[in-house]
Amino acid sequence: MAEAAEKETRSSEESTDESEEDESEEEPKLKYERLSNGVTEILQKDAASCMTVHEKFLALGTHYGKVYLLDVQGNITQKFDVSPVKINQISLDESGEHMGVCSEDGKLLLYERGWMNRWKPSVLHEGEGNIRNVKWRGHLIAWANNMGVKILDMISKQRITNVPRDDISLRPDMYPCSLCWKDNLTLIIGWGNSVKICSVKERHASEMRDLPNRYVEIVFQFDTEFYISGLAPLCDQLVILSYVKEISEKTEVECCARPRLDIVQPLSESCEEISSDALTVRGFQENECRDYHLEYSEGESLFYIISPRDVVIAKERDQDDHIDWLLEKKKYEEALMAAEISQKTIKKHKILDIGLAYINHLVEKGEHDLAARKCQKILGKNTELWEFEVYKFKEIGQLKAISRYLPRRDPVLKPLIYEMVLHEFLESDYEGFATLIKEWPGDLYNNTIIVQAVVDHLKKDPQNRTLLRTLAELYTYDQRYGRALEIYLTLRHKDVFQLIHKHNLFSSIKDKIVLLMDFDSEKAVDMLLDNEDKISIDRVVEELENRPELQHVYLHKLFKRDHHKGQKYHEKQISLYAEYDRPNLLPFLRDSTHCPLEKALEICQQRNFVEETVYLLSRMGNSRSALKMIMEELQDVDKAIEFAKEQDDGELWEDLILYSIDKPPFITGLLNNIGTHVDPILLIHRIKEGMEIPNLRDSLVKILQDYNLQILLREGCKKILVADSLSLLKKMHRTQMKGVLVDEENICESCLSPVLPSDASKSFNVVVFHCRHMFHKECLPVSNTVSSVQFCNICSAKHRGPGSAVLEMKK
């Protein structure tokens, strides 16, 4: 019943034949339902005229002068025959023990609850015409008649003020006053289309005289567009029940429209509308402004709209209602967020249900990827829901969309689910299939089934690299590393070395060394050398016997790491260097101590490797042959001179001069370079008369310059040596002139007793040498030399030196 009433009274001005909802419609602030049960029974025989609300019960007044007490569900608990005429208003104090009732007969009655729950009536006010409204708050009672609003202080029994009505053109019986207390001292008055907010204040003692101790000040006042039928506070806002008239489109005659319930924000001289709802109440077409009333329950923010044939309750919408509205507007993302934020307070909705509805909505819109992504958050660890959603995606041909978001750990779905997705990719997208195999742990699915499926596809396309690579990964998951390695080597895949290291497959590659070297010789050699304990040097060399160029790469890298490990292959390496890597032959010959020189010389001579032959001849002690080869084969005087300098052999210089004496260019080279090793005069004397020497003048000038430079260097060195000697002598002198510490721990080096006497008053004489040896004066032997200088017996007995005496202490 409540739900039906809510639908009937919900604000809705759009035509019933509209099929599309207005997306820009704002969310309503209130929701509505009818108060039924006993109220329905009353209104079948009578008409409601007013109501008051207490936290424990309700009091309903009727046109026949009766007051019914109802519980909060609307069930009748008591009935009073108050007056033969219409009840205008009922008001209760906070305790619920006092009830003020006003009716058309002009009396304000006070009902007081007594013994046995009986109510005793008494007259509070009469004689000023009909009392249209009454409201009780704390010690203050406010009531309205045709003239204005009065406020009575129940403690002092004084009337505080009279607020006259403004618009006297309106009939007070047709447009009665509406009253409500916002708090114990703030009264809100609505009359016609005017709203006044009044504050009850204490009067200063100096102003008292014969005036009441309180007065009323109007703090806000504004007008509305419609006639006011009721007022109620809502925090710092105001709820207004308005009576509306409109022109009928059919008859063009003014008629009564549905009443409106507005929430407004009072301002100093106006108000701001927050929300506005048009209410469908029974018989609204026949009602006048005086037929509507608005009551409220403070604790629960409940608002009661009373009309002759209906009582409707308006409630503030809670989070469940907010979520309902969001779902109705298909704002699933916001509904899900709202449910998550207030999951402890919502009662009607479940986060999972909203999430599932959201997923379905996205699927219906065709946003399959977004729907699949939301599954991760919404489905969480619920495997049954995950599997249900996967099958749903399969039905619409969108398994690929959900594949990226399937759980892989905690939870794990049935293997069939993952296999189903893999088969889908295998049929249409090899790259996508390969990506899933790489990303998914191998234990999610039956590896054997997937391997067989890949093998079947390879029968149709044997050279497909994507499928081969994926099959290798599947073999790796299944620990069939040998098969995986074969595929990787066939594909020349970069992961082959990582696979070997990770799974220690060195036993599997002993017969695949050539393949590895062909793929990446650098990485292969590094791996083989790093794991000599698993694949020996001899095995590698043997495997590479038919590929000498690869054998050379391996042995060369081995030699770079350690000159001695592969010494048994150094003879073989001579030929390998000569054939494949001549630039590194000479460095090899220089660094190897295990290379057979005769064999190396033979190979180098056969290939006419002059530089290498020269080096070998020199190393074998045949320097003259080496020099001759440089002069004859290379004809490079600079290299010959450099060679002679390295050997530092006078006979070689003689041979070089003899060979060069009839070759002017060689003579020029010798003159320019041998000045520091051989006397240039010896060469100049051997030059034949009349021989034309290129650049002879320059060469002679250079010889003289070199000579002068040598002289300058010698003189400079001499000056430096003299200066250094003098500096060191001065430093030694300063050091020797410094004082020497003598204390009771020092002993005489001759008698081995302390040098200082135990009795400090006795005289003593101590000699201390620069060598820090100390003697009593009397313990030193008498010097037999002409000089009076004494020397340390320990350090120097005959010559002056560091032991010369530096200090003689007497006392």
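**Close-up 1. Asp410 sits in the loop between helix 8 and helix 9.** This is a predicted model, as are the views that follow. Right after Asp410 comes a bond worth pausing on: the peptide bond from Asp410 to Pro411 is cis, with omega near 10 degrees. Pro411 belongs to the loop between helix 8 (399-403) and helix 9 (415-428). Asp410 also has a phi near 45 degrees, a positive value in a residue other than glycine. Most peptide bonds are trans, and most residues other than glycine have a negative phi, so both features are worth a look. With a relative accessible area of 54%, Asp410 is exposed, because the cut-off for that class is over 50%.

**Close-up 2. Asn608 is another residue with a positive phi, at about 60 degrees, although it is not a glycine.** You will find Asn608 in the loop between helix 21 (597-606) and helix 22 (610-619). Its relative accessible area is 48%, which makes Asn608 partly exposed.

**Close-up 3. Lys348 and Asp324 form a salt bridge, with their closest N and O atoms 2.6 Å apart.** Lys348 comes from the loop between helix 4 (332-341) and helix 5 (351-365), while Asp324 comes from helix 3 (residues 319-328), so this pair ties together parts that are 24 residues apart in sequence. How do the two partners stand with respect to the surface: which is exposed, and which is partly exposed? Lys348 is the exposed partner, at 56% relative accessible area, and Asp324 is partly exposed, at 23%. For context, a search of the whole structure finds 38 salt bridges.

**Close-up 4. Within helix 7 (residues 383-395), Glu389 and Lys392 lie 3 residues apart and form a salt bridge.** Their closest N and O atoms are 3.2 Å apart. About one helical turn separates Glu389 from Lys392, because they are 3 residues apart in that helix. Are these two residues buried or exposed? Glu389 is buried, with 1% relative accessibility, and Lys392 is buried too, with a relative accessible area of 17%.

**Close-up 5. Asp518 and Arg547 are joined by a salt bridge whose closest N and O atoms are 2.8 Å apart.** This pair links distant parts of the chain, 29 residues apart: Asp518 is in helix 15 (residues 513-519), and Arg547 is in the loop between helix 17 (537-543) and helix 18 (548-561). Asp518 is partly exposed at 31% relative accessibility, and Arg547 is partly exposed with a relative accessible area of 25%. Elsewhere in the model, Glu522, Asp526, Asp530, Lys557 and Arg561 are joined into one network by salt bridges that share partners.

**Close-up 6. The second largest pocket has a volume of about 460 Å³.** It is lined by 19 residues, and the closest to its centre are Val53, Leu92, Arg137, Tyr296 and Glu298. Which elements give two or more residues to this lining? They are strand 2 (48-53), strand 6 (87-92), strand 10 (131-137), strand 14 (178-183) and strand 24 (293-297). By class, the lining of this pocket has 7 nonpolar, 5 polar and 7 charged residues.

**Close-up 7. The largest cavity holds about 90 Å³ of space.** How many cavities of 30 Å³ or more does a search of the whole structure find? The search finds 1. Of the 16 residues that line the largest cavity, Asn133, Ser178, Ser229, Gly230 and His293 lie nearest its centre. Strand 10, strand 14, strand 18 (227-234) and strand 24 each supply at least two of the lining residues. The lining of this cavity is made up of 7 nonpolar, 6 polar and 3 charged residues. Among the elements to compare with the pocket view, strand 10 gives two or more residues to the pocket lining and at least two to the cavity lining.

**Close-up 8. Leu726, Leu729 and Met732 make a nonpolar surface patch of about 290 Å².** Met732 has its place in helix 28 (residues 696-737). At 43% relative accessibility, Met732 counts as partly exposed. That value suits a patch member, because patches are made of residues with over 30% relative accessible area.

How values were computed:
Residues are numbered from 1 along each chain as its sequence is written. This is a predicted model: local features need pLDDT of at least 70, side-chain atom pairs count only at pLDDT 80 or more; totals for chains, interfaces and linings use all residues. Side-chain values use heavy atoms; hydrogens and water are left out. On a 1 Å grid over the protein atoms alone, a cavity is a set of points where a 1.4 Å probe fits but cannot get out, and a pocket is an open set with protein on both sides within 12 Å along at least five of seven lines; lining residues have an atom within 4 Å of a point. Grid points are joined across faces, edges and corners, and a volume is the space filled by probe spheres set on the points. Helices (H or I, at least four residues) and strands (E, at least two) are DSSP runs, numbered from the N terminus. Ala, Val, Leu, Ile, Met, Phe, Trp, Tyr, Cys and Pro count as nonpolar, Asp, Glu, Lys and Arg as charged, and the others, Gly among them, as polar. Patches are made of residues with over 30% relative accessible area and no salt bridge: like charges are joined within 9 Å, nonpolar side chains (Val, Leu, Ile, Met, Phe, Trp, Tyr) within 5 Å. Accessible areas come from the Shrake-Rupley method with a 1.4 Å probe; for residues, only the protein chains shown count as cover. A salt bridge is a side-chain nitrogen of Lys or Arg within 4 Å of a carboxyl oxygen of Asp or Glu. Buried means under 20% relative accessible area, exposed over 50%, partly exposed in between (1.4 Å probe, protein chains only).
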